[in-house]
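Reader: I would like a close look at the salt bridges here: which residues pair, and how covered are they? Please go on from each pair to the strands around it.

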Amino acid sequence: MSKLLSVMALLLINLGAFSQNPMAMDAGRSGAAPQMNGHMYGKVIETLSGKGIDAASIQLVQNKFDTVSKKRKDVIIGGMITKANGEFSIENLPLFGQLKLKITAIGFKSYEQPVSFNIKMGSANNFDMSAMLNAVDKDLGNIKIEFDEKVLSTVTVNSSKSLFQLGIDRKVFNVEKDLVSTGGTAVDVMKNIPSISVDIDGNVTLRNNAPQIFIDGRPTTMELNQIPADAIESVEIITNPSAKFDASGGTAGILNVILKKNKKVGYNGSIRTNIDSRAKVGFGGDINLRQSKINLFSSLNINHGKSIGTGNTDRYNILDNPNTILYQDDNSTSNHNFGFGRAGFDYFVNNRNTISANVSLVRGKFNSESLSELLVDSLYNVKRSSYTERGSNSDGLFRRLGSQLSFKHNFPRPGRELTADATFNSRKNDNSNYIVTDFFNYPSNTLNNRFTQQQNGTGTGKSLVIQSDFVNPLTEKSKLEMGIRGSFNHSKSTNAFYIVSPTGQLTLQPSSQIDYESNDHVIAGYTTFTNQFKNFGYQLGLRVESSGNDATLIKTNEKFKNDFPVSFFPSVFLSYKMKNDQDLQLNFSRRIGRPNFFQLSPYTDSSDFLNLSKGNPGLKPEFTNSAEFSYQKVFESKDNILATVYFKNTNDLITRFQEKYISPVNGKEYVLNTYINANSSYVTGLEATMKNKITKIWELTSNLNLYTSKIKIDDPTQPKQDQFLSWYGKLNNTFKLPKNFTIQLSGEYQSKTILPPGGSGSRIGGGFMGMGFGSPTSAQGYVRPNYFVDAAFKYEFLKTKAASISLNINDIFRTRRTYVHSESLYFVQDVFRRRDPQVLRLNFNWRFGKFDPNLFKRKNLKGERENMNNMDMNQ
C-alpha cells in the first residue's frame, strides 16, 4: 500500500495537480497528501565464498541542511542489522535525493556506496505505472565486503554451547559437551539424554516406546551402535512431531541424530584416539576445508570393542507335563570391530543456491561366544533332573551405505526457501551361528548325547527417499509450508538351520529354511500454516499419506499384502507467550506405526529354545493420537523448566503374543514369541525437565517422568497386564573447575515398569548377535527397578584448549542390570542379566585449523541492535 501511495503522489506531481487544484493544495498543507516513501533491500556477502554475513550494520545516510547550525550534515534516515543469511530490508525512505549506503561488520573492511531511486518523471501521456512501481522498490543486489586481516589478528573469540537446550517443541542435546560418551557409540550418547531410556542390549525407548531414528533429518538403515559418538554433533528429541514430519513412529516420537559438518572458512579438524580397560582401542579424525564456493568435509572412525555379559533364568514351565522348574546360567563374550567413514561437500553456486552431497559407509564384523548351563527338575513325587550345556559361536559381517544429494534455493524475500533432496540407503548382513548342545546324565555329569547345528543367515535391504519442501513467509508473523515425499524400501532375507554331523558335514533342515522378500512404499504430502497474533500463536497442519507393503515367502510363493490408499494425519499446535518469559503450548497429532522388517519376518529364530521368536507378516499398522500440554519458564538467571502432560491412544497396537510351537527338528513343544495387533492402548504421563546453574562452576540438568499405560486385548486366553504407576529420573551434573578441568557425573533411576509393548523387535539399538540368551520374553510382565551412575573427567591444554585428555567410567557401582518378571499361560519366569559394568576408557583429542573470522559476528551485538531498533522507531 505504501508503494502505491508513493506512486500516486508522484503521479499527482507529474500531472501538476498540486498547482492546479486548490483542494489538493490545501490537502498538501494539512499533511494529508500521500507520503512518498521508498524501499531498498539487498544482501551482504563475503567476497571469497559468497556466504551471507550475519549481524552486519547497515546505515542509509542523507546529507541535509541543519536549521540549527545553518550547515549541511549527514543524517541517518534508515538502518538495521543483517539477518543470519546476510539479507537486509529498509523501508520508509525518501524517493528524491542522493543517499549513501554504509556497511560495517566486525572482522571486515568498511564499505560505502552512493545509492538513489533514480526516479525519472515523464509527461502525463507517457507515464509508466509499472516502471514507477519498480523504481520505488529498489534491489541493491549482492554487496561484497572483504575480510580485514589486521582486525582478525588482534581479536579472540570464545563461544560455548550448553550440554542441553530446552525448547517447547523439541530438546537439543549437544554431544560435544557429553564427556561420558566420548569414545563410545550413539547408544552411549542416548543414555544421558532426558526422556530416553537404554537397556543393556542397547535398545532405545522414548517415554517407554521405540522412537523413529533419523540421521540429519532423514531415515537411515544404520543402527545406533554403528555410529561413533565422536561423529555426532547433537541429538534432537521431538516427542510429538507436527504434520511436517514423517507420520511413521507410532506411539513414540523422533530422535534426529545430527552428524558433524563444519562450514568455517579455511580448514579445521580433529584427531582422536582411545583405549579402554579391556585393551580395546579406537581411532578417529575429521577435517573440513572451505575455500571460495566449495566446502569439503570428511571423517573416519575405527572402533574395537569387547562386551561381556552374565545372567541367570529361573523358569516354572506349565507347558511341560509334568511341570518342570528350569535354572539357567549364561555367560557371553563378544568382540567387534567396525569402521565408520563419511565424506561430502557443499557447493555454493551463488548467494541463493547451494548443492550438497554426502556419503556414509559402515563396515564391521563381530564374533560372539556364549555358554548356557541348564538344570531342569521335574515336579514328580520322586524328582527327576537333567543337565544340559549349550554353547554358541557366532560370526557376523555387516555393511551399511548411506548417501544424500540435496539442493537449497533462498529467494530474495527473507525466509522464503525451496529445498529438494534424495536419500539412498542400503544394508547387507551375513551371519553364522554354530550351536553345540551337550546332554549329560545327572548327577554323574557324564556325556549322554551331543546335538550340533549351524544357523546361517543373510539379509539385504535398499531404501530411497525423495523429498521437497517449500517455506513461504506470508507476513512477518505468518508463513505457509508445504512439501511432498516418497519413500520406497526393499528387503530380502534367507535363513536356515543345518544339522552338523561328527565329520562336519552340513545337512539342511528343509522345514527351517525361510526365503523372505518384502517391499513397502509411502507417498506423502503436507501443508502447515503458522501465524502469530500478539502473544498467541498457532500452527495448523495436515499430512496425507498413501502406503502399502507386500511380502512373499519365496519357497512356498505365499504372499502377504496390506494397503492403505489414503490416511490423514492432522496436527494442531497452539502457543501463548505470558509475562516474565513464560510459555504455554497445547498440541495434537495423529501418527502411524508400521511394523518393521523383524516384526514381519516369518523366520523362526530357535538359537535359544527358551526364547523362540518369529515375526508375523500379517501385522497391520498401528494408529496413534497424541496430545501434549507444556509449560516453560525461563528465569533471569537463565535457568529454565519445561513441564509436559502427555496422552497417547493407540488402535491396533503392535504387541507381543505367545503361542505353542512344535519344533520341526525334534518334534518337541515349545513356547513361541510373536506379534499381533491388540485392540488398543493408552499411555498418560507427566514429564519435567530442568536446567539449573547451581553455582558458577556447577550446572545441573534433571529429568523426571511419571507415566502409566494400559493394553486392551480381546482374547480371554491371554493374561491381563496389571496397570501401575511408573517413573524414572535422570541427573546430569557438570562441574567446570579451575585449571581447565571438567567433571561430569550422571545417573538414572528406573522404577518398576511394564515391558514395552513392541518388545525388542524394533532393533533400535542393534545389539550384537549371540548376546541375547536369557532375554526377557514377550509374555506380560514388568521390569524391576534399576539404577546406575557414570562419571567422566576432562583436562584441556595447549593454546586455545586445542587438546584434551578425558577418562570416563560407566556403571561405577555395578548396579546397572535387567531384572524382568514375566508370566504367561505357559510359564512364570524371572530373568537377571548384567553387561559391561565398570569399564574405563581413556581418550585423547586434538583440534587444529585456521581461524574462522565468521565467529566474530556471534559476539553480543545487543547494544547495536537496540540502537538500530530505537532509530527505526524514531523515524
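**Salt bridges and the strands beside them**

Author: In this predicted model, K109 and E146 meet through their side chains in a salt bridge, with 3.6 Å from N to O. The pair links distant parts of the chain, 37 residues apart. K109 sits in the loop between β5 (99-104) and β6 (111-115), while E146 belongs to the loop between β7 and α5 (149-152). The chemistry is the usual one: side chains of opposite charge can pair when their charged atoms come close. As for cover, K109 has a relative accessible area of 42% and is therefore partly exposed, since that class lies between 20% and 50%. E146 also comes out at 42%, so it counts as partly exposed too. This pair is one of 25 salt bridges counted in the model.

The loop that holds E146 begins at β7, and that strand leads to a sheet. Three strands, in the order β4-β1-β7, form an open sheet with mixed pairing. β4 (87-94) and β7 (137-145) are the edge strands; each has a single partner, so one side of each lacks a neighbour in the sheet. From one strand to the next, the twist averages 25 degrees. Strand β1 (residues 37-46) runs antiparallel to β4, and six bridges join the two. Within that pairing, Y41 stands opposite S89 of β4. Strands of a sheet pair through backbone hydrogen bonds, either parallel or antiparallel.

A second salt bridge is formed by E481 and K244, whose closest N and O atoms are 3.1 Å apart. E481 lies in strand β24 (residues 478-500) and K244 in the loop between β14 (232-238) and β15 (254-259), so the bridge ties together parts that are 237 residues apart in sequence. Here the two partners fall into separate classes of cover. E481 is at 5% relative accessibility, under the 20% limit, and therefore counts as buried. K244 is at 32% and so counts as partly exposed.

The third pair is E545 with R594, at 2.7 Å from N to O. It too links distant parts of the chain, 49 residues apart: E545 is in strand β27, and R594 is in the loop between β29 and α7 (597-600). E545 is buried, because its relative accessible area is 1%. R594 has 24%, so it is partly exposed. Elsewhere, salt bridges that share partners join D201, R833 and R835 into one network.

The strands on either side of the third pair also supply nonpolar surface. A nonpolar patch of about 930 Å² is made by residues including F533, F536, L540, V572, F588 and V645. The elements that give two or more residues to it are β27 (536-553), β28 (558-578) and β29 (582-593). β28 gives the most, with three residues. From β29 comes F588, which counts as partly exposed because its relative accessibility is 33%.

V645, another member of the patch, leads to strand β33 (residues 640-651). Its uncovered face carries I641, A643, V645, F647, N649 and N651, and its covered face N640, L642, T644, Y646, K648 and T650. In a regular strand the side chains alternate between the two faces of the sheet. β33 is joined to strand β32 (residues 622-634) by twelve bridges, and the two run antiparallel. These two strands form a hairpin with five residues between them, and K638 in the turn has a positive phi of about 75 degrees. Twelve bridges also join β33 to strand β36 (residues 680-693), again antiparallel. F647 shows both pairings: A627 has F647 as its bridge partner in β33, and the partner of F647 in β36 is T684.

For contrast with the charged pairs, take a polar side chain under cover. Q744 lies in strand β39 (residues 741-750). It counts as buried because its relative accessibility is 0%. Its side chain reaches the backbone nitrogen of L179 at 2.9 Å.

Key:
Residues are numbered from 1 along each chain as its sequence is written. This is a predicted model: local features need pLDDT of at least 70, side-chain atom pairs count only at pLDDT 80 or more; totals for chains, interfaces and linings use all residues. Side-chain values use heavy atoms; hydrogens and water are left out. Patches are made of residues with over 30% relative accessible area and no salt bridge: like charges are joined within 9 Å, nonpolar side chains (Val, Leu, Ile, Met, Phe, Trp, Tyr) within 5 Å. Accessible areas come from the Shrake-Rupley method with a 1.4 Å probe; for residues, only the protein chains shown count as cover. A salt bridge is a side-chain nitrogen of Lys or Arg within 4 Å of a carboxyl oxygen of Asp or Glu. Helices (H or I, at least four residues) and strands (E, at least two) are DSSP runs, numbered from the N terminus. Buried means under 20% relative accessible area, exposed over 50%, partly exposed in between (1.4 Å probe, protein chains only). Two strands pair if DSSP finds at least two bridges between them. Axes are lines fitted to C-alpha atoms, for helices over the stretch in contact, and angles run from 0 to 180 degrees between N-to-C directions. A polar contact is a pair of N or O atoms within 3.5 Å; within protein, one must be able to donate a hydrogen and the other to accept it, and residues adjacent in sequence count only if both atoms are side-chain atoms.
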